[in-house]
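Let's walk through the charged side-chain pairs of this protein together. Have the structure open as you read.

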Amino acid sequence: MSNGIYGRAATGLQDASWAVNESVAKIGAKGEQKTEMLLNGFAKKAAVLHDLRIPLPGFKANIDHAVVSGKSVLLVDSKMWKPGFYWSLLGYRRGWEKAPHIGKSQEYVSTAMNSFLKGTGAKVLTPHLVVWSSRDGQPLSTWMLNVPGAEVVNGLRIVPVMKSFVRGGSADPVIVRRLQELLVRTPRPARQQTASWSDSGQFAAPSRPARPDVYADADPFA
């Protein structure tokens, strides 16, 4: 049986170079971890994978979560946004404030994953975008928000979606093994070096890939 939990959420967020500051990086990770906790509750009935690379050459963005039930694959992206009313009738807005970052199309994700899983019999469903409020006790609304190539789900509402999805049966092992190839691995700690006055650069932080799959809002979570 291939059901179970694979990987760990927010592994790719250990590098905070993409974020405006460390606080923003931590909040982004918190959103992924909140979704991770809910999805892991279905690991006995499906395969739940966290933090996978998008299978496109040179593309560094990640897929936050993937769930496999039978031959069906559900991709899930987690976001933490400011509280408020999000809608997309007159462009993408939070209230009357323009918020173009929320309308980023997810169609390329489905296309890339379908190509990667070709020959396995996998059926990649429309990705789900799980949105959490960045402030406890201050809700957000997304019922008038449409994101190209994705279904928007408010936080805990991903649970009934999953209850319906996992009825497809145990995860297909061929599909799970293929997806495991995309898992982002936890970086190994750097080898400790002996201090030396002649080696001025030995304590420099190692370079890691940036996270371009986030919005450029100066403070998106405020």
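Q: Which side chain meets Lys71 in a salt bridge?
A: In this predicted model, a salt bridge joins Lys71 to an acidic partner, at 2.8 Å from N to O. Lys71 sits in the loop between strand 3 (62-69) and strand 4 (72-81), and its partner lies 101 residues apart from it, in the loop between helix 3 (158-165) and helix 4 (173-180). That partner is Asp172.

Q: Is Asp172 buried or exposed?
A: A residue counts as buried under 20% relative accessible area. Asp172 has a relative accessibility of 14%, whereas Lys71 is partly exposed at 41%. So Asp172 is buried.

Q: How many residues apart in sequence are Glu97 and Lys82?
A: The side chains of Glu97 and Lys82 form a salt bridge of 4.0 Å, N to O. Glu97 belongs to strand 7 (residues 97-98), and Lys82 to the loop between strand 4 and strand 5 (84-87), so the pair ties together parts of the chain whose separation is 15 residues.

Q: Which residue is linked with Lys82 and Glu97 in a network of salt bridges?
A: Lys82 is buried at 13% relative accessibility, while Glu97 is partly exposed at 38%. Both belong to a network of salt bridges, and the residue linked with them there is Arg94.

Q: What is the N to O distance in the salt bridge of Arg178 and Glu181?
A: Arg178 is partly exposed, with 28% relative accessible area, and Glu181 is also partly exposed, at 47%. Their side chains meet in a salt bridge, with an N to O distance of 2.6 Å.

How values were computed:
Residues are numbered from 1 along each chain as its sequence is written. This is a predicted model: local features need pLDDT of at least 70, side-chain atom pairs count only at pLDDT 80 or more; totals for chains, interfaces and linings use all residues. Side-chain values use heavy atoms; hydrogens and water are left out. Helices (H or I, at least four residues) and strands (E, at least two) are DSSP runs, numbered from the N terminus. Buried means under 20% relative accessible area, exposed over 50%, partly exposed in between (1.4 Å probe, protein chains only).
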